[in-house]
There are 2 protein chains.
Amino acid sequence: MEEFIQIAKKVADEIEKKIKGENPTKFGEEICIGADGTPTQYIDKVAEDVALEIIGKRGNVLSEEIGFIDNGRKHTFVIDPIDGTRNAIHGVPFYGISVAVGKKSTEDVLYGIVKNIPTGDIYEGYKGKGAFLNGKRIEVSKDFSDPIFCLVLGESGNERTWKLANMKSIRALGAAALEMCLVASGAIHAYFMGKESLRVTDIAASCLIVREAGGEVYNANGEILNVPFDLDARSSVVAVASPHLLEVLL
Amino acid sequence: MEEFIQIAKKVADEIEKKIKGENPTKFGEEICIGADGTPTQYIDKVAEDVALEIIGKRGNVLSEEIGFIDNGRKHTFVIDPIDGTRNAIHGVPFYGISVAVGKKSTEDVLYGIVKNIPTGDIYEGYKGKGAFLNGKRIEVSKDFSDPIFCLVLGESGNERTWKLANMKSIRALGAAALEMCLVASGAIHAYFMGKESLRVTDIAASCLIVREAGGEVYNANGEILNVPFDLDARSSVVAVASPHLLEVLL
């Protein structure tokens with residue numbers, strides 16, 4: 001496993017370097033059609049290319065733009081080369097990289113890393129061994145006196161989420177994996193995406209990180225989330241510091 | 001004026017250093033009652049103390065916690081020692097420092113600086129001479145094909161803002177001055193705070209930065225905003241890349 005962890009970390013580091021060396025005005029150029037049928041933007045393509053070159057044939061790859069690459073290996077790297085693409089393209093300083101290593105679905109992910117590019121913060125989860133921010137152990141918040149909830153609003157929201165927008169402290173940050181990591185680190189108390197639109201590439205690493213930090217991840221029906229390594233599967237996601245928050249959100 | 005600019009920059013740099021050297025678990029401790037009648041939290045107090053020591057008697061000071069200090073000078077430093085205090089306390093990586101230099105109200109502010117602490121980004125506005133991000137000139141976005149709007153939701157919102165939560169791309173980032181600077185840099189297209197609750201300390205620097213970048217700042221009645229240097233005045237704020245966005249928002 002150690003080899004896979006080192007590869008995943010290198011993918012995160014090298015994508016960060018590549019992106020920081022690029023001219024941001026090019027980030028939004030549409031350059032081809034991705035595996036999910038939507039246009040691929042320059043920033044996603046250059047980031048994914050970095051990942052593919054580093055991984056080579058040392059594992060299978062499931063990534064947002066290129067889809068599944070079967071290298072005949074037991075383990076698959078599940079990658080969102082840029083988490084928060086719209087933020088990155090526009091210049092909102094909250095976007096990152098997500099890489100997970102597992103076999104078939106989110107429940108067997110053994111390692112996940114999410115890196116915040118503008119701040120350099122690194123969130124990691126090791127199955128059965130805890131979650132970490134910049135190498136220091138993190139846990140979900142147990143103080144619910146002043147909770148912050150991250151909602152996915154706008155066209156990615158639904159009637160339910162728009163109604164929640166009047167709860168006490170609401171944020172909408174625009175990068176799913178990073179927002180879930182904020183649940184893990186105790187910065188926020190829940191992340192709520194009511195619509196069935198997130199792919200396994202968006203959440204594979206952060207699901208493990210939230211769970212290893214003592215939180216839990218559900219879908220909007222309140223079922224514990226387990227998503228297969230398949231880009232066609234789309235999920236709603238409710239990541240919480242404590243299951244009692246489901247009563248507030250669902 | 002050059003001396004005041006150097007002092008304001010030094011305030012931003014030294015607050016950043018101080019905050020980065022502190023233990024974040026102390027940020028939320030309530031240590032006294034501020035000039036606005038609400039409890040002052042540790043992070044605001046240490047940041048303000050840094051500002052007061054640097055400025056000394058070289059200008060008057062209007063700051064969130066201590067209120068107005070009249071040093072018999074023509075110019076006043078208008079300071080929000082921490083913009084996005086709740087983000088900083090909880091660990092959401094989007095908070096900063098705001099310092100403006102002027103005489104009586106936002107319309108005579110000559111220089112403003114807003115620094116994003118987690119990323120180190122520096123936004124500046126020089127009256128009549130433009131706005132800058134990390135020393136490079138910035139302008140508001142003129143591309144409205146994929147707009148992003150920042151709303152202040154939760155208990156700081158009102159019926160109007162909650163209704164806007166279903167517009168295309170919505171963010172709620174939790175730090176007024178920095179969100180306004182994102183309008184200036186072209187990252188987002190509008191910042192909307194519908195409730196009359198922002199103080200001049202929150203917006204003095206960022207109003208100038210938005211305007212010098214080619215945008216405009218209104219209140220929620222659609223009137224061009226001009227706020228006196230007085231902590232008792234509270235305003236709604238609508239900062240836009242283009243006045244035509246008022247039709248969408250108001």
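**A walk from the sheet edge to a helix face**

Start in chain B of this predicted model by selecting Leu133(B) and Lys136(B): the two are bridge partners, with Lys136(B) sitting in strand S10(B). Widen the selection to strand S9 (residues 130–133) of chain B and S10(B), and you'll find three bridges between them, with the strands running antiparallel.

Now bring up the whole sheet. It's an open one of eight strands with mixed pairing, and in chain B the order reads S4-S3-S5-S6-S7-S8-S9-S10. Click on strand S4 (67–69) and strand S10 (136–138) of chain B: these are the edges, and each has a single partner strand, so one side of each has no neighbour in the sheet. Look along the sheet for the twist, too, as neighbouring strands are turned by 20 degrees against each other on average, direction ignored.

Next, add helix H2 (residues 42–55) of chain B, which packs on the sheet and touches strands S3 (60–63), S5 (76–83) and S6 (96–102) of that chain, its direction making about 150 degrees with that of S5(B). Then pick helix H6 (residues 200–212) of chain B: it lies across S3, S5, S6, S7, S8 and S9 of chain B, at about 105 degrees to S7(B).

Hop over to chain A and select helix H2 (residues 42–55) there. Its 14 residues should span 20 Å at 1.5 Å a residue, and the end C-alpha atoms are indeed 20 Å apart. Colour its buried residues, among them Ile43(A), Ala47(A), Val50(A) and Ile55(A). Sight down the axis of H2(A): the buried residues fall within an arc of 155 degrees, so they line one face. Their cover includes helix H1 (2–21) and helix H3 (85–90) of chain A. Last stop: Gly56(A), which follows H2(A) and has a positive phi, near 55 degrees.

Definitions and conventions
Residues numbered from 1 in each chain as written. Chains lettered and ligands numbered in written order. Predicted model: local features only at pLDDT ≥ 70, side-chain atom pairs only at ≥ 80, totals over all residues. Pairing = 2+ DSSP bridges. Helix = DSSP H or I, 4+ residues; strand = E, 2+ residues; numbered from the N terminus. Axes fitted to C-alpha atoms, helices over the stretch in contact; angles between N-to-C directions. Contact = placed C-beta atoms within 7 Å. Expected span 1.5 Å × (residues − 1). Buried ≥ 20, exposed ≤ 12 C-beta atoms within 10 Å, placed from the backbone. Arc of directions from axis to C-beta.
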